[in-house]
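Let's take a walk through this fold, starting from one side chain and working outwards. Have the sequence and the 3D view open as you read.

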Amino acid sequence: MNLQFTTKKALSFMEILNHFSLKNYNTFGIEAKAKQFVAVHNLTELKTILEQHFSEKKFILGGGSNMLLTQDIDALVIHIDLKGKKIIKENEDFVWIESQAGENWHEFVLWNIEQDFGGLENMSLIPGNVGTTPVQNIGAYGTEIKDTFVSCDAMNIKTQQIKTFSNAECNFGYRESIFKHEAKDQYIITSVVFKLTKRNHKINTSYGDILAELEKNNITNPGLKDVSNAVIAIRKSKLPDPKELGNSGSFFKNPIVLKSDFEAIHKKFPDMKFYEVSETEVKVPAGWLIEQAGFKGKRFGDAGIHKNQALVLVNYGNATGQEILAVSRDIQKTVFETFGIHIEAEVNVI
């Protein structure tokens with residue numbers, strides 16, 4: 001089925017493809033088929049598709065970096081490929097940047113660093129697109145999206161109306177947002193606005209790995225690019241490139257445990273690493289738990305756990321989503337039986 005329509009700017013052409021392979025549209029490289037597939041490049045195309053396929057089941061696809069496909073998608077898959085970024089406001093100290101949802105996140109981060117706009121550098125090399133970053137409230141090395149996020153525009157799937165969500169309205173938490181709960185499957189994020197620094201940058205080198213990387217390169221007064229380069233080097237040393245080895249980054253969240261429960265666990269496992277997150281809670285590194293449970297570097301057919309980072313599950317070639325899911329459940333079961341701590345998947349299982 002083909003759709004053609006004219007916009008004020010130019011002629012647009014959308015082709016709906018049947019039984020379309022999603023292997024190149026998910027970073028795990030899982031072979032799964034979409035019943036139907038269409039890519040949209042602007043709001044007019046998106047609105048038209050939603051209007052003309054109002055009653056059909058739909059699946060919204062961004063960069064494909066935070067999902068595990070365990071089955072074919074019996075729906076119309078709408079790939080959000082909106083591109084563009086611009087300065088919408090600035091003063092002496094800050095700049096407000098709007099990015100369309102289909103922009104690659106890492107390329108967007110690097111572009112801002114080139115302009116000397118600060119605030120995103122610690123999240124360099126995180127896979128995915130800009131539009132999905134608020135959904136997970138992505139974060140790395142002491143920073144999260146919520147720290148620089150101003151607002152996002154999102155299209156209501158049923159009404160095709162655009163709603164602007166402020167930072168507060170997104171209800172950000174640790175890898176959480178309104179888009180994973182109350183607003184789930186109701187909106188498609190189309191653009192995001194960030195407030196970044198133009199001067200007096202808040203350089204965040206609080207993580208030991210970053211400091212060690214900077215020291216290794218004899219950098220004592222780091223700038224935005226230095227921090228970004230350090231993060232890129234660290235991530236490359238620990239995390240496989242999805243283009244070379246299928247993966248979705250960190251598969252599990254770091255569990256948050258009540259201090260009252262953790263005390264007994266820590267007595268039994270005194271070497272267990274932890275970080276205080278509040279007066280009543282601590283965060284335990286899931287990677288440490290998985291490694292201590294003996295899974296780091298293990299392989300089960302073409303599904304496995306990366307040799308350098310136990311948080312990362314990988315596809316060595318032809319693993320199915322079901323096989324990777326089985327490995328993840330085995331890890332969860334063993335970690336709970338060993339430590340009494342439940343680790344939750346960060347990746348969306350489809």
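Which residues does Ile 188 touch, not counting residues up to four places away in sequence? The list is Leu 46, Leu 50, Ile 60, Ile 80, Asp 153, Ala 154, Met 155 and Ile 157, where contact means heavy atoms within 4.5 Å. Before going further, a word on the ground rules: this is a predicted model, so local features need pLDDT of at least 70 and side-chain atom pairs count only at pLDDT 80 or more, while totals for chains, interfaces and linings use all residues. Residues are numbered from 1 along each chain as its sequence is written, and side-chain values use heavy atoms, with hydrogens and water left out.

Back to Ile 188, which sits in strand β14 (residues 187-197). Helices (H or I, at least four residues) and strands (E, at least two) are DSSP runs, numbered from the N terminus. Ile 188 is buried, at a relative accessible area of 2%; buried here means under 20% relative accessible area, exposed over 50%, and partly exposed in between, with a 1.4 Å probe and protein chains only. Its C-alpha atom is 9.6 Å from that of Leu 61, a residue 127 places away along the chain.

Two of the contacts of Ile 188, Leu 46 and Leu 50, bring us to helix α1 (residues 43-52), where Glu 45, Leu 46, Thr 48, Ile 49 and Leu 50 are buried. An α-helix has 3.6 residues a turn, so residues three or four places apart point the same way. At the N-terminal end of α1, Asn 42 acts as the cap, with a side-chain oxygen 3.1 Å from the backbone nitrogen of Thr 44.

Now for some strands. Strand β4 (residues 33-40) pairs with strand β3 (residues 17-21) in the antiparallel sense over 4 bridges; two strands pair if DSSP finds at least two bridges between them. In that pairing, Asn 18 stands opposite Gln 36. β4 also pairs with strand β7 (residues 73-80), this time in the parallel sense over 6 bridges, and there Ala 39 faces His 79.

Further along the chain, there's an open sheet of 3 strands with antiparallel pairing, in the order β16-β18-β17. Its edge strands are β16 (256-258) and β17 (275-276), each pairing on one side only. β16 and strand β18 (residues 281-283) are joined over 3 bridges, with Lys 283 as the bridge partner of Ile 256. Helix α6 (residues 259-268) packs on this sheet, touching β16, β17 and β18, and its direction makes about 95 degrees with that of β16. Axes are lines fitted to C-alpha atoms, for helices over the stretch in contact, and angles run from 0 to 180 degrees between N-to-C directions.

Another open sheet has 4 antiparallel strands, ordered β15-β21-β20-β19. The edges are β15 (246-247) and β19 (299-300), each with pairing on one side only. β19 meets strand β20 (residues 303-305) over 2 bridges, and Arg 299 has Gly 304 as its bridge partner.

What about the cysteines? Counting a disulfide as a pair of cysteine sulfur atoms within 2.5 Å, the total comes to 0. Cys 152 has its nearest cysteine sulfur, that of Cys 170, 4.5 Å away, which is too far for a bond. Both residues are buried, Cys 152 at 1% and Cys 170 at 0%.

Finally, head for the annotated site. An unreviewed UniProt entry places the feature "active site" at Arg 175, Ser 250 and Glu 346. UniProt positions are given in the numbering used here, feature names are shortened, and annotations may be inferred rather than shown by experiment. These three residues span 172 residues in sequence, yet no two of their C-alpha atoms are more than 11.5 Å apart, so they gather at one spot.

Arg 175 is in the loop between β13 (162-166) and β14, and is buried at 10%. Its contacts include Lys 253 and Glu 346, and a polar contact of 3.3 Å links its side chain to that of Glu 144. A polar contact is a pair of N or O atoms within 3.5 Å; within protein, one must be able to donate a hydrogen and the other to accept it, and residues adjacent in sequence count only if both atoms are side-chain atoms. Glu 346 lies in the loop between α8 (321-339) and β22 (348-349) and counts as buried at 14% relative accessibility. Among the residues that Glu 346 touches are Arg 175 and Ser 250.
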